[in-house]
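Subject: Handing over the structure

Hello,

I am passing this structure on to you, and I hope the notes below make a friendly way in. Please have a look at it and then read on.

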Amino acid sequence: MCGIIGVVSLPGKTPYRPGVVVFRGLKRLEYRGYDSAGVAAIYNGRLIVLKGKGKIDELERKIGLSSIEGLTVIGHTRWATHGAPSDINAHPHTDCSGSFAVVHNGIIQNYRELKEMLIERGHRFRSATDTEVIPHLVEELYKSTGDVYEAFRRAISMIDGSYAVILISTYEPGKIFFAKKDSPLIIGLGDGFNLLASDIPALLEYTRRIITVRDGWIGYVSPSNVFIEELGRGAIDWSRYIRVVEWSLEDATKSGYPHFMLKEIHEQPRALRETYYGLIDDPAVGEAVKLLLDADKIYVTAAGTSYHAGYYYSLLLAYMAGRISSPFIASEYEVYEKTSGEGDVLIVISQSGETMDSLKALRAFKERGVRVIAVSNVVDSAIPRESDVTIYTRAGPEIGVAATKTFTTQTLALSWLVVSYAEATGKLTRSEAEEYRKWLGSSGDLAARIIASNETYALKLSEWMAGRGNAYYLSRGIGVPVAMEGALKLKEIAYIHAESYPAGESKHGPIALVEPDYPVLFVIPQHRELEKLLLGNIQEMKARGAVIIGVAPEDTVLKDQLDYWFKIPSSHWILTPITHTPPLQLLAYHTAVRRGYDPDKPRNLAKTVTVE
Ligand code: G6P
């Protein structure tokens with residue numbers, strides 16, 4: 001996830017110089033990424049670019065981002081995906097002749113093929129980013145079309161993946177060209193100027209009249225005009241799409257959501273799609289599989305929510321590839337470290353890449369010659385830097401302390417890794433692996449449907465839940481880590497004691513606490529065998545008066561057992577963490593709010609724990 005902004009103005013029409021407008025916009029978009037930033041402008045017919053690694057204020061002091069001159073200015077604040085944060089990888093990116101500059105948010109899936117083709121035609125690339133193919137591609141197509149918009153249009157139609165992209169050119173100094181698919185983009189309409197940005201807060205100082213750009217739209221803005229067409233379907237009457245925003249700036253940072261946590265729950269479909277696109281041709285997956293194939297023992301470690309993702313990985317590896325691994329909580333590394341040695345592999349999962357417990361575990365194992373695979377959401381953070389291979393999730397920055405979108409994207413990346421490994425060992429045939437990958441590819445759309453159809457239900461149920469003092473979250477097999485994650489959410493933000501364990505354990509102790517009205521949540525995967533096993537576990541709880549809340553598929557055979565039912569569209573059990581977690585996140589969120597707590601800032605907790 002990154003932030004992009006652009007302004008094109010007649011002289012003196014914006015309240016500050018366009019360079020300052022862009023700089024202030026970048027500050028408002030900094031929550032979307034902050035490892036590097038840059039601006040570009042057309043000034044006196046020439047393209048100027050200022051960019052570098054670092055936070056926006058730091059760069060302002062060093063290279064004076066806001067001092068850029070010109071009436072057509074674009075800017076970018078980066079959350080690295082392809083290519084580590086560096087001066088060269090920072091956006092804007094330009095073509096060979098310095099005639100086109102581009103900023104982009106998203107992932108270009110087919111950038112390798114495009115890059116090869118462009119290199120063959122003599123283009124010289126400077127960065128390790130996927131984005132740089134765009135200015136070169138437009139430059140190439142401009143040679144034959146002699147028209148910037150036409151070249152841009154053709155370039156966009158050759159790109160696969162997700163993007164919000166804006167481009168400026170010395171050939172058309174008074175326009176900003178844009179296109180959007182999957183990543184957000186908004187047009188702000190001014191008087192004698194127009195703006196483009198990833199999010200509303202960047203525009204609110206200048207206008208409240210906005211157009212939310214839809215997927216598949218492409219066009220350009222000039223100071224007093226807007227042109228939009230739907231790719232392949234011709235121009236559209238954009239005036240029908242203007243809306244007036246009433247939000248305050250503070251509301252707008254959360255895009256209208258009352259809390260970051262709720263916003264991030266709703267961002268899961270996009271985060272999953274971007275992570276999926278990123279995985280498709282990520283060479284790190286092949287490298288990780290190679291390490292795993294050669295591994296004597298496999299260890300898996302992490303803290304908090306990331307541990308639940310790691311535990312899921314470990315179960316899936318057993319189910320799908322018949323391989324045993326040892327998952328452990330990172331702070332317990334000393335117990336396991338001594339059993340490891342050269343030839344072993346450790347998988348470390350950390351969204352921030354900075355958690356001290358996980359980093360310490362990594363270092364201790366490395367010391368003994370263990371090879372390390374990291375799964376992280378932050379490019380170039382400590383854990384990826386010290387690992388042999390890193391597979392990145394592409395969830396974008398997560399601000400709410402309770403992890404949401406980073407958990408579902410971690411489980412997506414880890415499932416992908418297991419499928420690739422099982423295929424390499426011959427446990428899965430090529431077509432079986434393809435089938436699983438197809439399911440994983442549907443995770444974004446499924447998550448969108450699940451969130452939309454369960455939100456009101458979660459809100460309703462939270463009324464009852466808010467009055468409880470305890471809850472059990474139970475499941476079996478691959479559902480257990482999801483139940484653990486659900487219990488953690490409720491306890492950390494709603495401050496209701498919640499415990500999770502494999503459902504078969506009830507009779508060995510926990511059931512002693514169950515009395516009428518005791519909430520027991522069951523995570524019921526799309527898996528007939530597990531459903532059969534869970535039937536007895538549900539009945540023993542019901543017999544003691546427990547209230548049974550199921551997160552279960554639409555066609556579950558257990559529906560008569562459930563007092564409350566979060567319905568999950570029928571899918572595949574491999575997607576259980578992605579399909580079954582969002583309702584539990586929503587329930588915890590609404591319960592916390594009803595109890596009067598701020599879910600974004602739970603007491604005693606920090607987002608990233610860099611101490612032991
Ligand atoms: C903290 C956070 C948790 C998170 C854990 C691990 O305790 O409050 O939400 O799951 O750290 O974080 P990581 O960045 O390593 O995934």
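Let me begin with a pair of strands: strand 23 (residues 519-523) and strand 24 (residues 547-553) run parallel and are joined by five bridges. Within that pair, Val523 stands opposite Val551 of strand 24. Please keep in mind throughout that this is a predicted model.

Both strands belong to an open sheet of five strands, ordered 22-21-23-24-25, with parallel pairing. Strand 22 (497-502) and strand 25 (564-568) are at its edges and have a single partner strand each, so one side of each has no neighbour in the sheet. On average, and ignoring direction, neighbouring strands here are turned by 15° against each other. Helix 18 (residues 528-542) lies across strand 21 (470-475), strand 22, strand 23 and strand 24, and its direction is at about 175° to strand 23.

Now for the overall layout. The protein is divided into domain 1 (3-252), domain 2 (254-441) and domain 3 (453-612). Taken over C-alpha atoms, the centres of domain 1 and domain 3 are 43 Å apart.

Next, another sheet. Five strands in the order 17-16-18-19-20 form an open sheet, again with parallel pairing. Its edge strands, strand 17 (326-329) and strand 20 (389-392), each pair on one side only. The average turn between neighbouring strands of this sheet is 20°, direction ignored. Inside it, strand 16 (residues 298-302) runs parallel to strand 18 (residues 345-350), and five bridges join the two. One residue to look up is Ala302, whose bridge partner in strand 18 is Ile349.

Which helices lie on this sheet? Helix 12 (residues 356-367) lies across strand 16, strand 17, strand 18 and strand 19 (371-376), at about 165° to strand 18. Helix 14 (residues 405-425) also packs on the sheet, where it touches strand 18, strand 19 and strand 20, and its direction makes about 155° with that of strand 18.

Helix 14 has a helix partner as well. Its axis and that of helix 8 (residues 268-280) come within 9 Å and cross at roughly 30°. An angle under 35 degrees counts as roughly parallel, and helix 8 and helix 14 are therefore roughly parallel to each other. Their crossing is right-handed. From helix 8, the residues Gln268, Ala271, Leu272, Thr275, Tyr276, Leu279 and Ile280 meet Lys405, Thr408, Thr409, Leu412, Ala413 and Trp416 of helix 14. Sorted by class, this contact has eight nonpolar, four polar and one charged residues.

A further helix pair is worth finding in the viewer. Helix 10 (residues 304-321) and helix 17 (residues 480-494) have axes that come within 8 Å and cross at roughly 170°. Angles over 145 degrees count as roughly antiparallel, and helix 10 and helix 17 are therefore roughly antiparallel to each other. On the helix 10 side the contact involves Gly304, Thr305, Tyr307, His308, Tyr311, Tyr312 and Leu315, which meet Val480, Pro481, Met484, Glu485, Leu488 and Lys489 in helix 17. These residues divide into eight nonpolar, three polar and two charged.

Turning to lower residue numbers, helix 3 (residues 111-120) packs against helix 4 (residues 133-145) at an angle of about 45°, and their axes are 10 Å apart. That angle makes helix 3 oblique to helix 4. The crossing of helix 3 and helix 4 is left-handed. Tyr111, Leu114, Lys115, Met117 and Leu118 of helix 3 make the contact with Val133, His136, Leu137 and Glu140 of helix 4. By class, the contact has six nonpolar, one polar and two charged residues.

Two places in the backbone round off the tour. Strand 2 (residues 36-43) and strand 3 (residues 46-53) run antiparallel and are joined by eight bridges, with Ile42 opposite Leu47 of strand 3. Two residues lie between the strands of this hairpin, and there Asn44 takes a positive phi near 50°. Asn44 is a residue other than glycine. The other place is the peptide bond from His91 to Pro92, which is cis, with omega near 0°. Pro92 is in the loop between strand 4 (72-78) and strand 5 (93-94).

Enjoy exploring, and best wishes!

Methods. Residues numbered from 1 in each chain as written. Predicted model: local features only at pLDDT ≥ 70, side-chain atom pairs only at ≥ 80, totals over all residues. Heavy atoms only, no water. Domains from an automatic or database assignment. Pairing = 2+ DSSP bridges. Helix = DSSP H or I, 4+ residues; strand = E, 2+ residues; numbered from the N terminus. Axes fitted to C-alpha atoms, helices over the stretch in contact; angles between N-to-C directions. Contact = heavy atoms within 4.5 Å. Parallel < 35°, antiparallel > 145°, perpendicular 65-115°, else oblique. Left-handed = near helix turned anticlockwise from the far one by under 90°. Nonpolar A, V, L, I, M, F, W, Y, C, P; charged D, E, K, R; others polar.
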